[in-house]
Amino acid sequence: MFKYIKKPIEKIDGLALVTGNEKYTDDFYFENMLHISILHSGYAHAKIEDIDDSTALRMPGVVDVLSYKNVKQILYTTAGQGYPEPSPYDTVLFGNVMRFVGDNVCAVAAETKEIADSALKKIKVKYKRLKPILHFEESENSKIIIHKDDGAFPKIPVYYDASKNLAAKVEAEVGNFEEAFQNSENKIEQTFFTQYASHCALEPHAAVSYIDTRGRLVIISTTQVPFHVRRIVSHIAEIPISKIRVIKPRIGGGFGGKQEVLLEPIVALVTWKTKRPAKLVYSRKEVFKSSRTRHEYRTIFKVGFQKDGKINAMHLDALENSGAYGSHALTVLSNAGSKTLPLLNKIENLKFTGKGVYTNLPCGGAYRGYGATEAYFGFGQVVDMVCEASGNDIIEYYKKWAIKSGETSPIFKALGEGKEGVAMTVTSTSLNECLEVGARESGWYEKKKLYGVNSTLNKNNRYKRGIGMADLMQGSAIPEIDMASAYIKMNDDGSFNLNVGATDLGTGSDTILAQIASEVLDTPVDKFIVTSSDTDFTPFDTGAYASSTTYLSGQAVLKCAKQIKEQILKVGAEMLGVSLDEVDILDSNVVVKPSSNNENKGEVSYQDICSYSFYQNNQFQIQAAVSHVSPKSPPPFAVHFVEIEVDTFTGIIKVLNYVATVDCGTPINTTLAEGQAEGAIVNGISYALFENYYFSNHGKMLNDTFGKYGMYTAADIPPIKVHLIDSYEETGPFGAKSISEININGALPAIANAFYNATGKRLYKAPFSPEYVLKILKSNP
Amino acid sequence: MKISFNINNQNRELELNPNQTLLTVLRNNGFTEVKCGCNEGECGACLVLLDDKAVNSCQVLAMSVQNKKIKTVKGIGTLHNPNLIQKIFAGTGADQCGFCSPGMIVASYSLLKENSSPSDSEILEGLDGNLCRCTGYIKIIEAVRRSSSVLLKNNVEAE
């Protein structure tokens with residue numbers, strides 16, 4: 001049916017990547033370039049009383065020092081989100097209050113990186129130490145106020161109360177939870193914790209800037225959000241948007257970590273002031289400590305259900321550790337509810353309450369999964385608990401109670417992103433098939449019989465095996481907020497420029513968007529020269545986040561390519577001397593339809609059509625620019641099955657097998673879709689079992705290297721099999737939804753459920769470290 | 001000080017400070033295909049072959065490579081003349097963001113040069129020093145397997 005869609009087409013930048021030919025931000029070197037190093041706070045909470053940079057400034061090669069003394073105190077949010085942002089304006093580039101270990105004290109610009117680094121040691125900072133808040137559950141009632149008298153404010157009319165250390169608060173209720181809960185025969189009330197994590201994109205954050213020949217500021221940056229970078233730099237550096245150009249070169253992975261505007265304003269200020277190129281690259285330690293993280297969460301689930309397993313009432317209460325600043329605090333919180341609660345849409349009484357609190361710990365931000373990962377840990381387990389208690393097979397349970405095509409959930413409207421959400425009906429899902437195929441491929445029913453606490457296999461055995469599963473949903477773009485646009489022009493050899501603001505950060509979206517245009521125009525993918533993204537040359541796109549690029553930017557490309565097709569057909573018909581309704585496109589040609597009665601059965605190639613439109617008659621450039629906003633955010637679905645072995649002597653959990661069935665609508669590129677799922681799954685397992693931030697008693701991250709942090713390596717991975725099970729989403733390009741985030745959410749609940757199957761005990765706190773597992777094994781059930 | 005060495009079959013003489021690492025010197029002199037992911041010898045993005053042995057160039061002092069032979073990912077194959085392993089990596093989807101790819105290619109090339117038919121556990125061991133966050137390693141491992149079988153089928157070395 002498709003020619004270029006649903007194919008394992010090689011990434012258009014593939015060979016350039018694997019031969020080291022592509023350029024990333026740090027690969028740009030300029031003559032006369034300054035190098036910047038940052039001095040970070042070693043204290044979790046302190047007031048800077050004075051900075052003495054005189055010795056540093058006297059060092060040969062030191063050009064400038066930026067600090068609160070000479071940088072204007074302009075409030076903003078580092079979150080690269082739609083404007084006005086739902087995150088509070090609580091950050092200044094260089095302030096005089098340090099709110100976490102890793103906060104910016106000052107920046108040194110010097111002739112070499114070595115000089116900049118050694119100058120940092122010569123800067124004398126006089127701190128007045130303040131008591132920090134290092135436990136997020138203590139924040140709301142603490143006497144310590146983290147954003148005191150600093151003018152921090154919400155940019156949109158949402159709840160915000162710095163005097164209570166509240167960066168965000170969200171409440172939504174459908175039906176009457178309390179009454180239904182009280183009247184339920186069975187009740188579960190359980191608290192879960194998820195931990196900090198680093199995105200670990202292999203490329204550290206970097207930015208390079210220079211002044212172009214006409215005096216404009218050019219910033220090359222490792223960003224997922226080039227247009228937000230331009231706007232935010234303009235705001236902080238007080239440079240008009242018209243004088244700023246932001247270029248996104250190749251990006252070495254983001255996962256949400258590069259949806260933050262952290263380094264760009266610093267290089268911008270240095271370059272704007274000195275008129276010299278400037279470069280700032282974070283070290284890995286800086287990425288861990290000073291960039292953004294996954295928020296730490298506490299979730300409390302209250303579930304009231306009948307003997308037969310029907311849930312009457314569910315309340316999810318989330319407490320989010322926002323860290324020192326409120327970047328994405330509100331929206332990650334909302335998503336904890338909006339991406340989980342609609343899954344079991346037949347629950348009549350639903351309540352979500354959430355608070356995001358400030359602490360003197362590293363800042364949370366956007367991280368693949370975005371609240372859903374945190375909430376599914378508990379959600380997936382309480383559903384398993386309900387099924388265990390009511391004697392339901394969980395596969396059949398989800399089949400019965402999960403949202404189906406033609407159905408909606410009141411939560412879609414009740415929980416938006418800083419404003420009311422958008423009501424929508426789910427129109428595409430292959431969830432039932434995902435459940436069935438996953439159960440079959442994982443050997444669910446056989447293994448459920450074989451394993452279990454009292455099975456002959458597990459009883460009295462040091463090694464206990466178990467199988468668990470989790471059912472998941474996410475979204476595709478933020479409805480009625482995110483906007484994407486595309487520009488296509490035709491060249492005289494029949495090739496096309498496809499310019500998109502959509503930001504390929506390693507996902508392969510350049511290739512996917514070219515495939516979409518290829519399919520519309522029936523011409524090979526290599527006929528498209530894709531440019532993404534450059535604020536001077538590509539049209540606006542909110543950026544690569546919220547699982548939006550394929551679904552949203554893809555639809556913009558589809559609409560744009562359709563307009564190009566119309567223009568091509570018109571010129572083709574004119575050249576062939578036939579009417580417009582007698583022609584069609586076929587394999588890079590305009591042809592007279594076989595059904596046409598016209599005797600002229602000729603054809604003209606795209607090359608001739610463009611050449612004609614350039615030089616022959618009625619000349620014009622075949623081109624189109626189109627924007628797209630989505631009226632809905634169709635959820636992708638996934639079901640994850642995991643088989644584990646618990647060593648009850650050491651507490652080590654070994655993953656034996658992992659099967660994921662995924663409904664992303666139509667997978668535009670099967671290889672890339674699988675790759676998205678596989679990468680997310682491994683990240684999810686690594687997070688569930690190992691990854692964490694360990695802090696000293698003073699709030700300093702202790703494991704700030706790859707080695708100590710312990711993300712998975714090739715040697716750690718279990719057998720993983722991803723099955724893509726299509727549905728067709730009418731509002732997406734060729735039926736596509738999203739796939740990038742959803743699959744990071746399964747490992748936590750699925751492994752925890754498998755652990756219960758193996759041992760009869762539950763894991764409430766991630767990561768499932770050997771110490772924690774042993775503690776749970778020794779506890780009473 | 002100056003040092004001379006051979007890189008990707010060309011002799012070069014470069015000016016450097018004695019405390020600079022090979023990674024810094026290479027990147028400062030245009031060899032930006034060698035990536036810096038951690039600068040602590042833990043991610044493998046800066047892997048190069050030093051006298052045919054794979055090393056993290058961030059852990060090698062540049063002055064120690066006097067008269068030695070270095071091969072970067074571009075010495076293994078280029079955009080216009082890619083090595084078989086590189087073609088298979090791109091064809092298998094073993095590259096997502098591509099930042100780890102230069103190191104992964106060097107590690108895979110080095111592995112397959114020493115052992116053209118590695119077992120799965122030998123592949124995992126061979127790639128253990130190279131981190132990747134995008135792929136979950138699955139397609140990378142698959143690319144090494146495929147490279148191995150094509151090399152064996154064609155009875156050629158990873159050259």
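Chain A of this predicted model is divided into three domains: domain 1 covers 18-130 + 205-281, domain 2 covers 296-478 + 632-778, and domain 3 covers 483-629. Domains 1 and 2 of chain A are thus each written as two segments, while domain 3 of chain A is a single run.

Let's look at how domain 1 of chain A meets domain 3 of chain A. Taken over C-alpha atoms, their centres are 39 Å apart. Domain 1 of chain A brings 19 residues to the contact, and domain 3 of chain A brings 15 residues. On the domain 1 side, α5 (226-237) and β11 (244-247) of chain A each supply at least two residues. Helix α5(A) gives the largest share of that side, with four residues. By class, the side of domain 1 of chain A that touches domain 3 of chain A holds six nonpolar, nine polar and four charged residues.

**Chain A as a whole**

Stepping back, chain A has 20 helices and 26 strands. Its radius of gyration is 27 Å, close to the 28 Å that the globule rule gives for 781 residues, so chain A is as compact as a globular protein of that length. Along the principal axes, the C-alpha atoms of chain A fill a box of roughly 85 × 75 × 50 Å.

**Strands in chain A**

A good place to begin is an open sheet of three strands in chain A, with the order β4-β2-β6 and antiparallel pairing. Its edge strands are β4 (97-98) and β6 (124-129) of chain A, each of which pairs on one side only. Strand β2 (residues 46-52) of chain A is joined to β6(A) by six bridges in the antiparallel sense. If you want a pair of residues to find on screen, D52(A) has K124(A) in β6(A) as its bridge partner.

Further along the chain, strand β20 (residues 583-586) of chain A runs antiparallel to strand β21 (residues 589-592) of chain A, and four bridges join them. Here I585(A) has V590(A) in β21(A) as its bridge partner. The hairpin of β20(A) and β21(A) has two residues between the strands, and D587(A) takes a positive phi near 50° there. Strand β21(A) also pairs with strand β22 (residues 603-605) of chain A, in the antiparallel sense over three bridges. In that pairing V591(A) stands opposite E603(A) in β22(A).

**Two crossing helices**

Helix α15 (residues 549-576) of chain A and helix α16 (residues 606-615) of chain A have axes that come within 10 Å and cross at roughly 85°. That angle makes α15(A) roughly perpendicular to α16(A). From α15(A), the residues I568(A), V571(A), G572(A) and M575(A) meet Y606(A), I609(A), Y612(A) and S613(A) of α16(A). The contact of these two helices counts six nonpolar, two polar and no charged residues.

**Chain B and its two domains**

Chain B is divided into domain 1 (2-74) and domain 2 (84-154). The centres of these two domains of chain B are separated by 21 Å, taken over C-alpha atoms. Contact between them involves 13 residues of domain 1 of chain B and 11 residues of domain 2 of chain B. Strand β3 (residues 47-50) of chain B gives the most to the domain 1 side, with three residues. That side has nine nonpolar, two polar and two charged residues.

Strand β3(B) deserves a second look for its strand partners. It is joined by four bridges to strand β4 (residues 53-56) of chain B, and the two run antiparallel. The hairpin of β3(B) and β4(B) has two residues between the strands, where D51(B) takes a positive phi near 45°. Strand β3(B) is also joined, by two bridges, to strand β5 (residues 69-71) of chain B, again antiparallel. Residue L50(B) takes part in both pairings: K53(B) in β4(B) is its bridge partner, and I70(B) in β5(B) stands opposite it.

**Where the chains meet**

The contact of the two chains takes 46 residues from chain B and 46 residues from chain A. On the chain B side, the elements that give two or more residues are α2 (73-76), α3 (84-92), α4 (101-114), α5 (120-127) and α6 (138-154) of chain B. By class, that side has 23 nonpolar, 14 polar and nine charged residues.

For a handy overview, here are the class counts again.

| Side or contact | Nonpolar | Polar | Charged |
|---|---|---|---|
| Domain 1 of chain A, touching domain 3 of chain A | six residues | nine residues | four residues |
| α15(A) with α16(A) | six residues | two residues | no residues |
| Domain 1 of chain B, touching domain 2 of chain B | nine residues | two residues | two residues |
| Chain B, touching chain A | 23 residues | 14 residues | nine residues |

Technical notes: Residues numbered from 1 in each chain as written. Chains lettered and ligands numbered in written order. Predicted model: local features only at pLDDT ≥ 70, side-chain atom pairs only at ≥ 80, totals over all residues. Domains from an automatic or database assignment. Contact = placed C-beta atoms within 7 Å. Nonpolar A, V, L, I, M, F, W, Y, C, P; charged D, E, K, R; others polar. Pairing = 2+ DSSP bridges. Axes fitted to C-alpha atoms, helices over the stretch in contact; angles between N-to-C directions. Parallel < 35°, antiparallel > 145°, perpendicular 65-115°, else oblique. Rg over C-alpha atoms; globule rule 2.2 N^0.38 Å.
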